Amino acid sequence: MADVKAIADQLVELTIKDVTELLQILKDEHGIEPAAAAVAVAGGGGGEAGGEAAAEQTEFDVILESAGGSKLKVVKEVKTLLGLGLKDAKEMVDGAPATLKSGVDKAEGESIKAALEEAGATVVLK
């Protein structure tokens, strides 16, 4: 008989791609429908790590970590990107680390990040 603990350990390590492949094998070779197998695999002890892998992040916060050496360029870029006045943009940059924009999609976040990094800032998406 198979070592059940070893099987459980292997199931926990599966990626989404591996789970999809496993479901297809169970359906084609053993006649087990994927919906029933998905419940069995999900209940097999995937824990928090399995849930996090399945839920891909869709909204990001753009956070200015520091202005770097070109503070004036970064202030101008923040002003332009966020449509702020010069005073507001300067206060935001001076207050780094600061969240510049919340709940943006990945493409917009990456675009803002790239523009600010080109100006010399340190930016992260969370």
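Start with the surface display: this predicted model exposes about 8400 Å² of accessible surface, and carbon and sulfur atoms make up 55% of that area. Now colour by burial. Of the protein's 126 residues, 19% count as buried.

Switch to the cartoon view and trace the chain. You will meet 7 helices and 3 strands along the way. Starting at the N terminus, their order is α-α-α-α-β-α-α-β-α-β.

Next, select residues 16-30, which form helix α2. Put a distance between the C-alpha atoms at the two ends of α2: the 15 residues reach 20 Å, close to the 21 Å expected at 1.5 Å a residue. While the helix is on screen, a general point may help with its side chains: residues three or four places apart point the same way, because an α-helix has 3.6 residues a turn. Then step on to G31, which follows α2 and has a positive phi, near 70°.

Now for the strands. Select β1, residues 60-66, together with β2, residues 98-104. The two pair in the antiparallel sense, with 4 bridges between them. To find one position in this pairing, click on I63; its bridge partner in β2 is T99.

Keep β1 selected and add β3, residues 122-125. Which sense does the pairing of β1 and β3 take, and over how many bridges? This pairing is antiparallel and runs over 4 bridges. Here, go to S66, whose bridge partner in β3 is T122.

Finally, show the whole protein again and turn on contacts. Among those with a separation of 6 or more, 63% join residues 24 or more positions apart.

Note on methods. Residues numbered from 1 in each chain as written. Predicted model: local features only at pLDDT ≥ 70, side-chain atom pairs only at ≥ 80, totals over all residues. Heavy atoms only, no water. Expected span 1.5 Å × (residues − 1). Buried < 20%, exposed > 50% of the residue type's maximum accessible area, 1.4 Å probe, protein only. Contact = heavy atoms within 4.5 Å. Areas by Shrake-Rupley, 256 points an atom, 1.4 Å probe, with all protein chains shown as cover. Pairing = 2+ DSSP bridges.
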